[in-house]
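User: Hello! I am new to this structure and would like a friendly walk through some of its parts. Could you take my questions one by one?

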Amino acid sequence: MKKAIFEKAGQMKIADVDRPTIEKSDDVIIKVVRTCVCGSDLWNFRGINSVEKDSENSGHEAIGIVEEVGEDITTVKPGDFVIAPFTHGCGYCAACRAGFDGSCQSHSDNFSSGVQAQYIRFQHGQWALVKVPGKPSDYSEGMLKSLLTLADVMATGYHAARVANVSAGDTVVVMGDGAVGLCAIIAAKMRGAKKIISTSRHADRQALAKEFGATDNVAERGDEAVQKIMELTNGAGADAVLECVGTEQSTDTAMKVGRPGAIVGRVGLPHTSKMDMTAPFYNNTIVGGGPASVTTYDKDVLLKAVLDGDINPGKVFTKSFDLDQIQEAYEAMDKREAIKSYIIMDGFERD
């Protein structure tokens with residue numbers, strides 16, 4: 001089968017590898033229908049993270065059709081159409097019961113990788129997989145795109161809003177204009193925020209942020225951004241800040257633009273080794289966040305919201321490719337020519 005791998009930093013390639021097989025009793029083999037490139041994949045592609053030659057791709061978002069199940073799997077069967085969350089919760093440990101299945105205590109290997117491939121082995125599939133009614137051909141391409149966001153970015157944006165306790169009437173700042181940040185705007189609106197401040201420097205992303213629910217935009221960075229956001233909040237600061245980038249600058253700004261007692265919901269993968277927590281201490285700033293509770297949110301609210309047409313997060317996919325064009329898909333995001341690159345798998349194309 002075909003599988004994308006990192007040849008080296010800045011260079012992807014397609015390899016011919018063996019199709020995965022059932023290795024453990026709670027494995028599920030999935031034939032991938034749609035996958036994509038995540039902003040976090042660019043950390044490796046750009047060489048910011050160390051990447052070994054010919055290493056597995058870090059892709060972790062897929063929708064597909066169940067091909068085979070292990071003997072312990074009773075919740076899905078061959079032929080089912082499923083969302084494959086990037087986190088693999090068990091559903092019964094203390095973390096999962098509390099709604100934090102992204103930090104499942106039962107599975108040490110609870111994160112997907114290598115899903116930019118024709119087939120994947122999904123581990124711990126009994127509870128974590130999310131069934132979609134019908135089959136892929138029942139849905140438009142636009143709907144398939146929105147369903148794919150439920151493997152990560154829409155659920156991650158929702159996680160930022162949830163841990164920040166975004167509530168009706170709140171003023172919210174969203175740090176980041178990638179797919180997660182844009183989905184966090186959708187989530188803030190879903191939870192009733194009245195004023196949503198996006199932070200984009202790109203016209204296309206500003207336009208999509210506005211369509212998703214942003215009421216204002218701040219393009220400045222650093223101290224200028226803090227000043228502008230404080231002006232937009234009448235000097236008070238935001239009730240909640242959704243940090244969807246993970247860089248030092250983004251995190252620093254997030255800590256400075258909330259009112260006293262505000263909650264910062266962090267879902268951007270941290271790329272700063274330490275933070276000075278003195279100022280947040282004196283401001284009573286509350287900090288939360290981490291890997292998203294994808295299965296919980298999909299089952300509780302997000303799948304229904306997509307199927308009912310209440311939200312359309314699939315609009316974050318602005319360029320489409322096939323798997324053989326994986327290099328171009330990564331480059332389009334690296335060069336900001338695409339917000340998020342969408343991969344259509346062989347045999348599942350539409351006219």
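Analyst: Gladly! One term first: two strands count as paired if DSSP finds at least two bridges between them. Please keep in mind that this is a predicted model.

User: Which residue in strand 13 is the bridge partner of alanine 240?

Analyst: Let's start with the two strands. Strand 12 covers residues 238–243 and strand 13 covers residues 258–266; they run parallel and are joined by 5 bridges. In strand 13, alanine 240 has as its bridge partner isoleucine 263.

User: Which strands stand at the edges of the sheet?

Analyst: The open sheet has 6 strands with parallel pairing, in the order 11-10-9-12-13-14. An edge strand has a single partner strand, so one of its sides is left without a neighbour in the sheet. That describes strand 11 (216–217) and strand 14 (286–289).

User: Is valine 287 buried, partly exposed or exposed?

Analyst: Valine 287 belongs to strand 14. With Met275 and Met277, Val287 forms a nonpolar patch on the surface, and together they have about 220 Å² of accessible area. Buried means under 20% relative accessible area and exposed means over 50%. Valine 287 has 35%, so the word for it is partly exposed.

User: How many residues of helix 5 are buried?

Analyst: Helix 5 spans residues 153–163 and is mostly covered. Among its buried residues are Val153, Tyr158, His159 and Val163. The count of buried residues, out of 11, is 10.

User: What phi does asparagine 165 take?

Analyst: Asparagine 165 comes just after helix 5. Its phi is positive, at about 55°.

Technical notes. Residues are numbered from 1 along each chain as its sequence is written. This is a predicted model: local features need pLDDT of at least 70, side-chain atom pairs count only at pLDDT 80 or more; totals for chains, interfaces and linings use all residues. Side-chain values use heavy atoms; hydrogens and water are left out. Buried means under 20% relative accessible area, exposed over 50%, partly exposed in between (1.4 Å probe, protein chains only). Helices (H or I, at least four residues) and strands (E, at least two) are DSSP runs, numbered from the N terminus. Patches are made of residues with over 30% relative accessible area and no salt bridge: like charges are joined within 9 Å, nonpolar side chains (Val, Leu, Ile, Met, Phe, Trp, Tyr) within 5 Å. Accessible areas come from the Shrake-Rupley method with a 1.4 Å probe; for residues, only the protein chains shown count as cover. A salt bridge is a side-chain nitrogen of Lys or Arg within 4 Å of a carboxyl oxygen of Asp or Glu.
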